[in-house]
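Visitor: I should like to request a close look at a single part of this structure, with the charged side chains as the point of departure. Please set out the reasoning in full.

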Amino acid sequence: MADRTSSTGAIGSDASGNPPTGSAEAPHLSRQLANRHIQLIAIGGAIGTGLFMGSGKTISLAGPSVIFVYMIIGFMLFFVMRAMGELLLSNLQYKSFSDFAADLLGPWAGFFTGWTYWFCWIVTGIADIIAISGYVQYWWPDLQLWIPAVVAIAALLLLNLPTVRAFGETEFWFALIKIIAIVSLIVVGLVMVFAHFTAPNGAEAGFDNLWNDGGMFPTGAMGFVAGFQIAVFAFVGIELVGTTAAEAKDPEKNLPKAINSIPIRILLFYVVSLIVIISVTPWREVVPGESPFTAMFALAGLAIAAGVIQFVVLTSAASSANSGIYSTSRMVYGLAREGDAPARLGTLSSRRVPANALMFSCTFLLSAIALLFSGDSVIEAFTTVTTISSVLFMFVWTMILASYLVYRKRRPELHEASAFKMPGGVVMCWVVLAFFVFLLWALTQEDDTLEALLVTPIWFVVLGIAWAVVRTRAPHKARYAAFRAELDERRS
């Protein structure tokens, strides 16, 4: 067990990267994700459903200052991604961030991080399935909500079962649709601004709409803070590229390229699109419950806009759910290989896909059907699960940073040898952690988000009970003893 926590051995593997004893005959995950897949998966993770639907409410709360909200969140999360990138590339045997959390913080951290990330995407996937059911009603208003929910889950399962490349291709096209929609919005919006377009209500398009109605912060400091509560959900999944590490071709080249392009994506897809939207439609006229993308195209006189944007938002939700099914299956597969989940979930099909883990995660997505019938509306159910999801994702991001801090302290030689060092290092880790504290405080300022914040600890209580049981098993005792022995050896 000595190499369980070594800097060169794999998590749950021997030094050569083989699986644990007794499972050497099992196939490995296959590196079939090419650069274009990794790049578009990273973009898909950075462009969430929250941008298309949630930005309307964010604009109504924060006004033009919403631009700074998205810039600040994107800036902070970039450092989380860089910390994750340096850690993953410090040991190519790491399959995901739950692996380096277990290696650096202890077996409990891998257990909590892995299962929390699984639950993050299950909750987000449920929100996406709920959203898909609501979007389909645009075309078929009389259709029972459970029908599109079941069809969506079945379709996504079938898309993920063949090979990991099938997932990569699906996500590639889903992400491409989102990119085309946003670029189209920017182009159409700029044309309207430079043509001095005048809306039926007399409002003229122009960049001065950004500051001529109360300035950049028209709703004051608390309005600015309120924007963070909703905007943070738009970024969940930005760390998705970290779960592709075990299946990426040439990870030393492709992972850094994907992570380093995050600032450009944030500027283009979030900041520029929101500047254009507010320039065309003064912020007070943005309807909170509607997509500002649809509204702007409708203003442009494009009659087909509503249907097209509805399709784009539908594919955005499908993209997020697709990513969720992929990431949860890989996370559960890794947990099972470590003995933190049932062994049957740690097997691969002949095509080297964790089929059992895929079906396990999809089964939990079916709970979206119960939520569809338990609430008064689709939006109510969607809001409940997305706020819980945001809090859980912040926990995962925090564990990534905590792992990085320990890595810098215990393995300085790996940091010095790294070709992909995190800029700002330890200092920026603490800055981002302080920002997460601010986000938690912001979530306490509204009743609906406070309720979700108060409910979330139930998950960690459940995990704590599960860990108390799991850690009594002999393999876990051996792993923890090896971990403590290495710590003591390094301290002496």
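**Charged side chains, buried and exposed**

Guide: Arg411 and Asp103 are both buried. This is a predicted model, and the statements that follow are to be read as such. The side chains of Arg411 and Asp103 form a salt bridge, with an N to O distance of 3.1 Å. Arg411 belongs to the loop between α15 (378-410) and α16 (412-417), whereas Asp103 belongs to helix α4 (residues 97-105), so this pair ties together parts that lie 308 residues apart in sequence. In general terms, side chains of opposite charge can pair when their charged atoms come close.

The count of salt bridges is two. The other pair consists of Asp213 and Arg284, whose side chains meet at 2.7 Å, N to O. This pair links distant parts of the chain, 71 residues apart: Asp213 is in the loop between α7 (164-194) and α8 (220-231), and Arg284 is in the loop between α10 (262-280) and α11 (292-299). Asp213 is classed as partly exposed because its relative accessibility is 26%, which falls between the limits of 20% and 50%. Arg284 is classed as exposed because its relative accessibility is 53%.

Charge also appears in a surface patch. Glu446, Asp447, Asp448 and Glu451 form a negative patch on the surface. Glu446 is located in the loop between α17 (425-443) and α18 (447-455). Its relative accessible area is 37%, so Glu446 is partly exposed; this value also satisfies the patch criterion of over 30%.

Helix α18 itself has two sides. Thr449, Ala452 and Leu453 are buried in α18. These residues lie on the same side of α18 because they cover an arc of only 100° around the axis. The general background is that an α-helix has 3.6 residues a turn, so residues three or four places apart point the same way. Asp447, Glu451 and Leu454 are exposed on the other side of α18. Two of these exposed residues, Asp447 and Glu451, are also members of the negative patch.

One further contact concerns the loop that follows α8. Phe233 lies in the loop between α8 and α9 (251-260). Its relative accessibility is 9%, and Phe233 therefore counts as buried. The C-alpha atoms of Phe233 and Thr386 are 6.8 Å apart in space, although the two residues are 153 residues apart in sequence.

Methods:
Residues are numbered from 1 along each chain as its sequence is written. This is a predicted model: local features need pLDDT of at least 70, side-chain atom pairs count only at pLDDT 80 or more; totals for chains, interfaces and linings use all residues. Side-chain values use heavy atoms; hydrogens and water are left out. Patches are made of residues with over 30% relative accessible area and no salt bridge: like charges are joined within 9 Å, nonpolar side chains (Val, Leu, Ile, Met, Phe, Trp, Tyr) within 5 Å. Accessible areas come from the Shrake-Rupley method with a 1.4 Å probe; for residues, only the protein chains shown count as cover. A salt bridge is a side-chain nitrogen of Lys or Arg within 4 Å of a carboxyl oxygen of Asp or Glu. Lys and Arg count as positive and Asp and Glu as negative; His and the chain ends are not counted. The place of a charge is taken as NZ of Lys, CZ of Arg, CG of Asp or CD of Glu. Helices (H or I, at least four residues) and strands (E, at least two) are DSSP runs, numbered from the N terminus. Buried means under 20% relative accessible area, exposed over 50%, partly exposed in between (1.4 Å probe, protein chains only). The arc is that of the directions from the helix axis to the C-beta atoms.
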